[in-house]
Every structure is written in structure tokens, then in C-alpha cells.
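Got your viewer open? Here's a short tour: what to select, and what you'll find once you've clicked.

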Amino acid sequence: MNRLFLVFIALLALLPVLPTPEFWITQANYIGLSAIVAIGLVLLTGVGGMTSFGQAAFVGLGAYATSYLSTTLGVSPWLGLLAGVAVSMAVAFILGALTMRLSGHYLPLGTIAWGLSFFFLFGNMEFLGRFDGLSGIPPLELFGYSLRAGQDIFYLIWAVVVLAVVATQNLLNSRPGRAIRALKGGVVMAEAMGARTVWLKLVCFVFAAVLASLSGWLYAHMQRSVNPTPFGLNAGIEYLFMAVIGGAGHVWGAIFGAGLVILLKDQLQSLLPRLFGETGSFETIVLGVLLVLLLQHARNGLWPYLAELMPRRWRRQALVQPPAQAESLPVRARPAAGESLLVVEGARKEFGGLVAVNDMRFEVKAGEVVGLIGPNGAGKSTMFNLITGVLDVTRGTVRYLGEDIQGLPSREIVRRGIARTFQHVKLLGNMSVLENVALGAHLRGQAGVLRSMLRLNRGEEARLLAEAQRQLERVGLAHLMHEPAGSLALGQQRILEIARALCCDPALLLLDEPAAGLRYKEKEALAELLARLRGEGMSILIVEHDMDFVMNLCDRLVVMEFGTLIAEGVPSVVQQDPAVLEAYLGGL
Ligand code: ADP
Ligand code: MG
């Protein structure tokens, strides 16, 4: 726990004890309620990259569930809490399964659609009191003590905020959390590391919905009456405002954003009508303009600026450290040298009319280093995507250790022992080198979301991080493990990707143009690393454009041109092959 957190909790504890005016306690309560929703949005939108305008609907579900149960059936608010959370989870599951698959701007549009639907649903239900809503909701009771007064519910609200912060931060610094953070790096990369991306998106969505519903429950019992207005689309947009203004990737930003929006709105509400001499909701317009300015000048929100102003010691995030010592993870049984690993037969891939891979056949045996080479556009990366399950073949088979792996998703293929790197480096620039590499060990741990939130994953987490450190040492990047991956030079980033792939405990390593764009020195370092891996008996299939680079490294070369196999054999022979010379030199 860092210093900032302690100061924050001390301030919270003191606020109602000090002679704080009632008004400020009420404001703090509203800020807390909004912050709970915004923290969910940090995970969903800021970290997971899924924009939702519809969170207010879940606040409404939580609020209406408990309001209905307590006013009509006289049920205890605590049962109302369970009911609200259960309903929100169920609805989030169904809505999430339907909308999380939408890509690009369809997802936000989808959330707007259900945000609107729920507003009208609340407003048109007879048993929910239509647009008048429900009133006479009892205050909460805790250990026989009524939380009727603002100061009393203040503690409960902010306890929920603190728990939400802790749970979210625990989750983010864990095996499933790294996979959730990887969603922003693209689904292809996350799946290649073994993450179940659709499931993880759903988890974020349900988690955010549960937080929103908790906020609604607290709201209903604080306010003692509910109506549809605070659960409409406007409110949904405001919650998103808060998360974005604070800085959508920062848990603390959510609290800061909630505070800023609520206080600013309150000030503007009294100031603007006086300024314009008329009444009206001018504050909404001003907030809108501010948001546009913010998005233009401070994409990442205001939290990073605020953090800069704090004393350095407060800011120091507990770096994610590998443990001093940890058991090593189990490794898979290696196939014996010379055993057939990968067999591609008659593999064909068509993109519309274009035949990118045309009846390719080749084999990789255990312990071999095979180069898949050919001019640009020959179909090498496509071939790679066929092997790793990113694309399905149009025809033909891909077998690995005798099993037909064609049609399996990427995460199942990496589970079987084929790990890869990408031609265009895919890593998380803001995440540390160590954590990026630890992502590769995803399938070597089991801790799920709940265990991670409760920090019951410590032992496993230590083993995963120790493994990441070991792989970084193996490739010679250990000295950079705390740097953000984005600050590394391209050559180092490519080596980072190799370390990440090694963390998958592969029996076969697939490298897509690892030398592309590297400077001479970087190429030398890479060649030295690959030679070392080869010496350790690693089986490697390396796609390369540059024939010189693979000449000394590979046992065998497979040459493609226009999707077709044009030559195969030991490098010295292939190099002299007239068809290869023709392909590379364009008919000399
Ligand atoms: P290489 O990696 O050998 O440079 P690629 O496998 O990337 O070549 O591309 C082979 C051919 O397939 C190229 O003509 C490319 O334009 C085409 N291609 C690759 N991916 C796609 C895709 N997703 N849709 C359509 N055409 C593609
Ligand atoms: Mg390529």
C-alpha cells in the first residue's frame, strides 16, 4: 500500500469527525457513489477498452431492486442488496454476451441503446411507480445502528469505494488482470498468449455492473426514494465523463474525476444562471466543452498531471517485483530430437480471389531451426497465421505432434506448445517489461478473477513473475525489467517478444521477421540469442525476409514465392537454386 492511499484513508476517516458542514458531507457521499461506478468504468473502458454509456442502467437496477423489495415486500435492505447484485449480474451477462462482441463504434452505440431502454423500462413499469418512482425506502441498518444521517452512511459509501479500489488494483496486478490489460494490445495477441478474451471482456462487464449496482443500492437507501431520472442516458454519459476526466486507465483517477465533475457541476449550477441572468442547465454545456478540450489536450485525463504535483515518495507505485526466490513452474516434456513436430500438408489460404498460400507443404522436426523465407508478400505471415490459429485454412492440414490442430483457436495452440512473436511488435507500451513477459506465462497459472481480487494468488503470482524474470535473464533484458515496454528500442522490443514467447514454455517457437527494421548491432544481438536458443535444443520456425540473416542460423530453408513452395533444403544449396535467385533478384 502506498503513502497516498494511507493519507487518503486518514482524510476520509476524519472528515465527518471534524466540524465539516452537512453540505460537504452530502457532496462527499455523492462523489463516493459516483466514484464506485467510475471505478468499474476504469476497468471496463480505461483498461479493457470497451466504452460504455450505459452504466447508469445498472445503478438503476441495483436501486430499484432494493427499493421495490423493501417498500412493497418489506424485505431487509441486505437481501435487497443480494437481489440487486444478482439481477445486475444476470442482465450484464446477457447484455454483455450480446454487445461485447460488437466492435468499433457499434459497442458504444449498443450501450446507448440499452441505457435508453432501461430508462424507459423503469419509467413505464406500474410496479416501479412509473416516472414518479418509489418512496418510503428505509435507511440502512448496520449492527442495529441506523445509517439515516449523512455522516453515518458516509462511512459505508467510502468503505465500498476503498474496497472497490483495492479489489480493482489487486485484479489488475494479477494473472487475469494482465490478460485484461492485454485486451488493448489487440485480441490476436492476447489469445496468442492463451487468454480467453471474450470471457475476460464479459468478466469486466459484469464486474463494472456489480459496482454500479452497489452504488445504486447505497443511493436508494441514502436518498430514501428513487425515480428514473438519475438512471438515464445523461447519467450514463456523466459517469463516462468522470472516468475519462480522471484518466480512464487509473483507479485513482475515477475518484478524482467523480469529485471534479460533481463539484464543478454544483458550482456551475449556481454560477451560470447568475452569469446569463436566466435559468437553465448551462452546466451540461460547459461540461461538454470541457470534455472536448480535455480530449484534445490531455487524452489520458487529469490524474497523471495531479500525480506529478505530489511528493515523489507518495507517488512511488509499488513496483511489480519478482520475488527473491520462488519455485520454478513445471515445464512440458520435450519431444525427442528428430521427432516430427509440425507437418503442413497441402495448406491453402484464399482471401477472396487472392491465393495467399498455395498448397504449401513442409515439416519441422524437434531440435531443428527452419527458415521460412521469401520476398515480401510471399505469404509467410499468412502461413504463420494458419499454424497459430489466427486464420483457418481454405484447404489442407496442419498437424502438430500428430494432432490435427487446424481450426483450433490460438489459445489452444499455444497451450499445446507453439508460441509465437509478431511481425509488427504487439506489446503493452505502458506496462513494465517484466509484466509484459509474465503475460506469456498466462497458461501456466490458474488464479481466476475472484482469487486475484482477494489476493489469494500470492504464491502463484510469485512463481509467474519469477519465471518472467528468468526468461528475461535468458534473453539478456533483465536489467530493463522495470522500464515501460514502450520505452525500449525496437530491437529490444523484439527480444522482449521472444522472452514472452519463451514464457509460454514452448516446444516450438515461431518468430515472424524478428530482424526486420533492426540496426546492425541489434541484428547481431538477435542472431547471438537465436544461436544460443538453438544450442539449448529449441525448435524454431523463423520467418524472414532477409536471406543473409538466416543463412548461418538455419538447418533448413523453405522458400515461398506468391504463396507457393519454390525450394527447400540446406541453406548452401537453396542459396544457389535458380528459382530462389530469380525470386530474390527478380530475374538476373
Ligand atoms: P509475407 O508475410 O510473406 O510478406 P503475407 O502473408 O503478409 O506475406 O501476405 C501474402 C499476401 O496475402 C499478400 O498479397 C497480402 O496482401 C495478402 N493478405 C495477407 N493478409 C490478408 C488479409 N487478411 N486479407 C486479404 N489479403 C491478405
Ligand atoms: Mg510477413
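Before the metal stop, a word on donors: these are N, O and S atoms within 2.8 Å of the metal (3.2 Å for Na, K and Ca), and since water is not among the atoms, sites may look incomplete. This is a predicted model, in which local features need pLDDT of at least 70 and side-chain atom pairs count only at pLDDT 80 or more, while totals for chains, interfaces and linings use all residues. Residues are numbered from 1 along each chain as its sequence is written, chains are lettered from A and ligands numbered from 1 in the order in which they are written, and side-chain values use heavy atoms, with hydrogens and water left out.

**Stop 1: the magnesium ion.** Select ligand 2, the magnesium ion, and you'll see its protein donors, Ser381 (OG) and Gln423 (OE1), lying 2.1 Å away. The two come from distant parts of the chain, 42 residues apart: Ser381 sits in helix H15, and Gln423 in the loop between strand S10 (418–420) and H17. (Helices, H or I of at least four residues, and strands, E of at least two, are DSSP runs numbered from the N terminus.) Buried or exposed, or in between? Ser381 is partly exposed at 23% relative accessible area, and Gln423 is partly exposed at 23% too; buried means under 20%, exposed over 50%, and partly exposed in between, with a 1.4 Å probe and protein chains only.

**Stop 2: ligand 1.** Now select ligand 1 and show residues with a heavy atom within 4 Å of it. Its surroundings include Phe351, Asn376, Lys380 and Thr382. Which element gives the most to this shell? H15 does, with 3 residues. Zoom in on the ligand's oxygen atoms for the polar contacts (here, N or O pairs within 3.5 Å): a polar side-chain atom of Thr382 is 2.5 Å from one, a backbone N or O atom of Ser381 is 2.9 Å from one, and a polar backbone atom of Gly379 is also 2.9 Å from one. The protein covers 59% of the 560 Å² of accessible area that ligand 1 has on its own (Shrake-Rupley, 1.4 Å probe).

**Stop 3: Glu435.** Jump to helix H17 (residues 433–438), where Glu435 is found. Glu435 counts as buried because its relative accessibility is 6%. Beyond residues up to four places away in sequence, Glu435 touches Asn173, Arg178, Arg181 and Val320, where contact means heavy atoms within 4.5 Å.

**Last stop: Pro108.** Finish in helix H5 (residues 106–124), the home of Pro108. Leaving aside neighbours within four places in sequence, Pro108 is in contact with Thr51 and Phe53.

Notes:
A polar contact is a pair of N or O atoms within 3.5 Å; within protein, one must be able to donate a hydrogen and the other to accept it, and residues adjacent in sequence count only if both atoms are side-chain atoms.
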